[in-house]
Structure formats: C-alpha cells, structure tokens
Amino acid sequence: MALLIAIEDSHLLFHRRFSSNLQTLDSIKDCIFQICKGFFYYCKHSTTNLMDTRICRDNKLFAYAFNDLIATIGSKYQPKVDDWPPPVKGSKGRNDPEVAFNMLDCILKRSLERLKLMRGTMAWAHKVGQYNSIMKADYSQHVNTIRNLSLEGKLGVALWLLNKMIHADGVIPDVVTHNHLINGFCKVGEIEKAEWLIRQMTYQGPSPNCATYNTLMKGYCAFIDIEKAWDLLSTMGDNGDNKVKPNIVTFNIIVHAMCKEGKFYDEARVLLLRLTDEDSEKNLVSSTILMDHYFKNGNTKLALRLWGEICKRSKELDVVAYNALVHGCYLSLDVLLMYKYVIEMLKIGLAPDIFTYNTLISGLCKVKMIDDACYLFYIVMSKMGVYPDVISYSILIQGLCKVGNVVKAHELLNCMLERSMIPKPLIWNTIIHGYGKIGDKQSAFHVRDQMITYGVSPNVFTYNALIRMLAKTGEIYEARMLMKEMLVSGPLPDTVSYNLLIGAESEYGHLYSAHQVYEDMLKRGFHPDVVTYTQLIKGYCIKGKVSEAEGIFLTLLGSKLVIDHVPFQILIKQHFKMRNFDSAYGIYEMWERMESQGE
DNA sequence: GCCTCATCGA
C-alpha cells in the first residue's frame, strides 16, 4: 500500500512539474525514474498475481528493458539501478519481471511521448513569441510553422505563409509541407481548396506524391463519395509528367470507406486479401480494417479467425489492432474476453490507450458492472498515465445514470466542467432524464439551467426529458408550458414530445385537451405514430368510452403504420372490464390474424 | 517526413 502511495505521489509530482513548465529536463527524468522504480517494486513485491501470467522465460528481456530505460533516462542513474535485486528464480510468474518490465516500458514510453509533445509545444510557443521577427526566419522555420499551423487547423494563416514564401521569398516549400496543408483542408471538408492546391502543385511544383493523392482521396471519401475516390485512383498524377502509383495506404483508405458505408464489394475483399497475403508485415492495417468490419457486421467467428491469422504472421501487433479486437468483444458484450485481451496487450508491452480504456469502461457499463468501470476510471487509468477524455466521462455518466446513480453522474459532470470539458447536450440530457426518473424536479431544472449557463442549448431531447418528468408527476400545466415554449422559441417539438403530452392529458382524463394537442400536431404537419393513437385509445378507455376508443383504433388500422400489441391489449382489457367478452375475443382474433399475416 | 486501421450515442 505504501508503495502504491509512493508511486502515486511521484506520478502526481511528475504531472505538477510537467504542467508548471518550469521544470528542468533532469527533474522530469528523475520523476519518470521514480515512477518506474516504484512500479517495478510494486509488481515485484505485490502479493496478488497482478497479471495472471505464467510466463517467466528468462532474464534477457529484463536486462533489455533495463538498458532501454537507462539509455533513455541517462547513465546518471546507473549505480542506483545496479543495486536492484535480481529477479527471483522459479517464481512461476507470480512476480514476473518480464511482465513488470513490459508494463514499465509502457509507462516510460508514454511519459517520453508526453515529454516530446511538451518540448514541441514549448518550441512553438517560443516561435510565437518572436512572431514579429518571423520575416527573418529561414526556410525550415517557415516550413515548420506551416506544418504546425496546418495541424492546428489554422489554415488561413498557413496558406498565407505558403503564398508569401512562394511570391515574396521566391522559394517553394517541399511536398510534405504542401501535404500538411492539403490534409488540413481535407479534414475540415474544404475539398475545393485542397484540389486547388494540388493543381497549383502540378503547375509550379513540387509534384504531388502518393501521400498527396491519398490525403485527397480520404477527403473525397469523407465529404463527397467513394466513386470520386475511385475516379481519382485511375487518374492519379495524370496531369503531371510522372504517373503516381497507388500504394497500400491508397487501398486501405478506399476499403475502409466502403466498410464504413456498409458496402463491401467482392472486388475489395479480393484486393485486400491479395494485398494482405503479399506483404504480411506491412498490412496489419488492412487486416485490422477487415477484422473490424467483420465484428461490426456480427461476423464474430470470422473476425476471431482472422485475428488468429494476424497473430501468426505479424511480428508486431499494434494498439489499434488490439483496440479493434477489444471493441469486437465489447460488441458481443463479452467482458471477460475484453479483459483477457487487455492483459495480453500489457504482457507483450503494448500500453492500452484512451480508446482501450473507453471501450473497456463502456463494456462494463453496458453489463452494469459500474464498480469495475469506476475502478478503471479513477484508479487504473491515472496509474497508467492515461487521462479520461470527454468520451470517458460521457460513458461513465451514462453508465451511472443507467443504474440510477444520477447524483454521482452529476458530480462527474461537474468534474468535467472544472476541467473545462463541456459535453454535448446528450450528456446533460442523460442527467436530466436521470433526475426525472427519480422525480427530482428541482435538480432536473437546475441541470437544464446549468447547461444554458455553459452555453449549451437545450435540444428537443432536453425538453422531452422534462416533459416526461412532469407528465409522470402529473404537473400537466407545466408540461403544456414547456410545449408552448418549444413552439414559440424552439427547438421544435417532435412526435415524441406530442406523444408525451397527449399521454399525460389522457392519463389524467383530459380527453378534450388530449384531442386538442393531437389536432395541433396534425395542423403543424407532424406525423402521429402508433404511440400517438395508443395514448388516445388509452385515454378513452380510462374514461370508459370504449366506442370512441375503437373509433381511434379504426383510424390506426386505416393508417399505414406498423401496429404492435399494445393497442389490442388495452382494448381487450377494457372489454373484459366491461364484461364484453365477445368484443374482447373479437379484438383478440383480429390481433392473431394480424400476427400471422406479419409472419 | 506527409497519407491508412480503433472508442461513447436519448
């Protein structure tokens, strides 16, 4: 326990120093070292079998990981490291140093990645500080600036700088810089600008390369259609002197787009399989696309078989492939299998990332294992140096609401807001709905007001959640007022809003009002559905007006709507209540006839 | 070097 706290402390210290921007490189290295050391001791001395591993082959990897660590951190710590005791022989994996080091490696890699990112950010901030003297900056600085601006989506400035370089300085940036800009435009859907830039490239250089066309192709798939991407495939580089040959990435883009659209042409499958056979090492991506496609279409068996093949032929698997696999297990709600593969990742030294954790947490929430989900969210993620993002919070909030713990969900929402994460209306609505379900009207409206304060506009789902709550508590006047508010200032109600209000009016015997709402609905061009009619039928039945109810029922039968068992059930019940057994049987027969027709 | 695969969802 003390060790765990020590790890946590050094970890926290690391992040505090990290975020203060005042730290020296050595102090960061020291922190990383302390965290790794702490983690190693934890794995080694832990009495529980953390990884459930039975592998304890030899100490080579141990030494390798060590050297790796030292090489990265610096020789300064060599003597300290030498003091560490050797791994226990014959420990049968209980405190497996290999596993410990794979995990340690994960943490280290991640920390170093962050360090790199921070350095980049600091360098960039430095550049901005000298913005006034940018005119004096040399070619490589300009080019770096264009790349950074493109990555940040500041495309206007990036394009300005590119044009300035070409026209004022008389130098033409290289193809990679151009590609960065094209990528920026394609990501936000400004395809014409990307096309224009490529035309300019073919005209004045540098010649577009395969990555240029691949980028444009992805833009076509995302914002236009696959056909356009196919066209590009056949005309790639036709304008220039040298025709550009498509590569594996090109095909992956197209195949992926087809999978996403739900189309999977035979030719694509054949193409992909052929590519996968030809160069197995490079085509982990292709296989991942294919496996993901199988999983998403419910073909779990085929997907798992493919995974087996991937494992056999790929020397190195990546996090994305595992994430697709874990998501596949998520789709079949197999939590145990999800855990199994995540542990496998750790064993081979792949650090689960935010995608992995979000998928895991989501799966746990879906099967209502909310405590496990919280444990991952609060304890494991921060220990592994992966921090929850908007999606992690959203998943857990929805999970908590699902099991009725709306108070904790609201607390979590407040945590998000403190961290300047403003979730989409969906999350606010989930909490409002949660409060509505337990009848906490005050809190529901409080959250509604809170969302407005944070600049998130309530949508039709927000209003529906509130109307549902008011209908349940019988506060029909307030529900009507909300409907009025929607009609006056938006968002416009939908069929569900009308159904909720009609249902409430019917439930409390306000048949006239219910009918008025129904008329209003028709007048404004909203389409009633089977629920609308069922609510009206129910209203008439409650009042004992069965013939009027049957009138509505006939209207329902005359419509082209697909009818479920509910209106039949209501009418049969009512007839029984009034001892009209023949009529009840008549309706029952009608229902049976309809059921058999449906088959 | 730049371009390919993965997460939540009323």
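I began with the helices (DSSP runs of H or I, at least four residues, numbered from the N terminus). Helix 8 (175–187), helix 10 (210–223), helix 12 (248–260), helix 14 (284–296), helix 16 (319–331), helix 18 (354–366), helix 20 (390–402) and helix 22 (425–437) each give at least two residues to the surface near DNA strand B. Here, near means that a residue has a heavy atom within 4 Å of the strand.

A note on the ground rules: this is a predicted model, where local features need pLDDT of at least 70, side-chain atom pairs count only at pLDDT 80 or more, and totals for chains, interfaces and linings use all residues. Residues are numbered from 1 along each chain as written, chains are lettered from A and ligands numbered from 1 in written order, and side-chain values use heavy atoms, without hydrogens and water.

Which helix gives the largest share of that surface? I found helix 18, with 6 residues.

Next I looked at who surrounds the strand. There are 41 residues around DNA strand B, and Asp 174, Asn 179, Asn 214, Asn 252 and Asn 429 are the closest. Of the strand's atoms within 4 Å of the protein, 44% are sugar or phosphate, and the rest belong to bases.

Then I checked individual contacts. The side chain of His 256 has an N or O atom 2.6 Å from a phosphate oxygen of DNA strand B. For the bases, I noted a polar side-chain atom of Asn 323 at 2.8 Å from a base nitrogen, and one of Asn 358 at 2.7 Å from a base oxygen.

Last, I looked for disulfides (pairs of cysteine sulfur atoms within 2.5 Å) and counted 0. Cys 365 has its nearest cysteine sulfur, that of Cys 374, 7.3 Å away.

Technical notes. A polar contact is a pair of N or O atoms within 3.5 Å; within protein, one must be able to donate a hydrogen and the other to accept it, and residues adjacent in sequence count only if both atoms are side-chain atoms.
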